[in-house]
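This briefing is meant for someone meeting the structure for the first time. It begins with two points of local backbone geometry and then turns to the protein as a whole.

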Amino acid sequence: MPAPLPVPDAPGSWPALGHVPQLLRRPLAFMRSLTDHGDLVRIRLGHKPVYVATHPDLVRSMLVTDAHGYTRGIGHAKALAFIGPILVATTGEPHRRQRRLMQPCFHRERIESYVSGMCAAAEATADSWSANDVVDMLPTMTDLATAMITKSLFFSDLGAQAEKDLRKVGSSILHVARMSAVLPGIYRRLPTAGNRELPPAQAVIERTIAAYRAEGRDHGDMLSMLLRTTDAAGVGLTDREIRDEIMGLAITGIGGPAAIASWIFHELGQHPDIERRLHEELDTVLDGRRPGHQDLARLTYTQRLVKEALRKYPGWVGMRRACEPVRLGEHELPAGTEVMYSAYALQNDARWYPDPDRFDPDRWDSKRSVGRVKKGAWVPFSAGVYKCIGDGFTEMETAVAVAVIASRWRLRPVPGRDVRAVHQHTHVVPGRLRMIVEPRSAARKTRAPHLAPQVSR
């Protein structure tokens, strides 16, 4: 094995601050710029060195082939302190146990049962609009994503109050989670609006869990499955663990899908040809009705839209920590080293995706894409042992939102406004995306009788 090479330093480090100013001012451009300096680049957060893997081979090594040498990074430790030992924060054997217990919630058959509630949530959003309304897309899609996850968690009347309360505090949960990730632990003890709203919501969830457990029925929702699943020793999740996992699902199931759906409608507003092809598919496959799970496989162009949005606008940063000395490419790193990677930088790199700044759903046409994407260059949900367990859920929820809304409305950009990609914690979101609501046609100004909302429970 050749001798290890030194790791190059990224230019522009400030005394005492390191590269923090660049990460605060222009994090997306900064992460993309690091590819010019090497496959592995050292930056500094204050005096602390952090290594950034910019090549897919190194990212795949860290996440998949040599994953045993790494644990989650510092951001997950913050999440652990914020909401407890939930799936998205744990590492090692606790993570493996929780993943096995959570996995049944995301089996394909179970996910398919959530579609009706997702459609009802999307229809409620579409029903709330009128022609020429101006919609602030990110908060609107955040509310919709909150409704979709809560309708998947609770089907029965026993969960109605928990669903209602979680929908009211969805944005607060996200805000508290994001602030907890960057601020000292004392933040959670401050009397902010978000910190005050969470304990009552948690109490309602606890009462709902107790009611479900006492009734003993499987309602087909996520909560029922969380109550039924057991590990190899026959031990299930405690009520406290279920409560914390529900809060974790709310955190992870809102921000990402809201950002991706917002970006899709932005891109549709910029590209009439893409919008036309989407409308043709929706009109042909759905013919005016709400989508069922059996329709989603036929909505191939809709799915390409979702995948392309996940390519162009994934999370901007992920982290791992070496739990032992590791070799990463031609470099050796000691135990305790923090290593970053950026899905945003990888998936907007012309070496792996031709013309990466162009929004092109057809790059995911099976005839074009088979064998084309380099391993390690597609990580919108991470990869390996810590890959997001809800990747299929996210793609389905986003496809349903797009299909239901785009069947009825066109969303036009507000003139004179440039929309920039900005970071919001780990997500890449559109800054101030406001769009004008237009009916698809005169016939769609009023919902047809066969599109009346269906009861999802």
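In this predicted model, R432 sits in the loop that runs between strand β11 (427–431) and strand β12 (434–439). The phi angle of R432 is near 50°, which is a positive value in a residue other than glycine. Most residues other than glycine have a negative phi.

**Two residues with positive phi**
- R432 has a relative accessibility of 49%, and because exposed means over 50%, R432 counts as partly exposed.
- D355 likewise has a phi near 50°, a positive value in a residue that is not glycine, and D355 is placed in the loop between helix α17 (343–347) and helix α18 (366–369).
- The relative accessible area of D355 is 42%, so this residue is also partly exposed.

**Overall build**
- The secondary structure of the protein comes to 19 helices and 12 strands.
- For 457 residues a compact globule would have a radius of gyration near 23 Å, and the 22 Å of the protein therefore agrees with that expectation.
- Taken along the principal axes, the box filled by the C-alpha atoms is roughly 70 × 55 × 45 Å.

**Packing, surface and charge**
- Of the 457 residues in the protein, 54% are buried.
- Among contacts between residues at least 6 apart in sequence, 72% join residues at least 24 apart.
- The accessible surface of the protein is about 19,900 Å², and carbon and sulfur atoms account for 54% of that surface.
- The protein has 62 positive and 50 negative charges, and the mean positions of these two sets are 2 Å apart.

Terms used
Residues are numbered from 1 along each chain as its sequence is written. This is a predicted model: local features need pLDDT of at least 70, side-chain atom pairs count only at pLDDT 80 or more; totals for chains, interfaces and linings use all residues. Side-chain values use heavy atoms; hydrogens and water are left out. Helices (H or I, at least four residues) and strands (E, at least two) are DSSP runs, numbered from the N terminus. Buried means under 20% relative accessible area, exposed over 50%, partly exposed in between (1.4 Å probe, protein chains only). The radius of gyration is taken over C-alpha atoms; the globule rule is 2.2 Å times the number of residues to the power 0.38. Contact means heavy atoms within 4.5 Å. Accessible areas come from the Shrake-Rupley method with a 1.4 Å probe; for residues, only the protein chains shown count as cover. Lys and Arg count as positive and Asp and Glu as negative; His and the chain ends are not counted. The place of a charge is taken as NZ of Lys, CZ of Arg, CG of Asp or CD of Glu.
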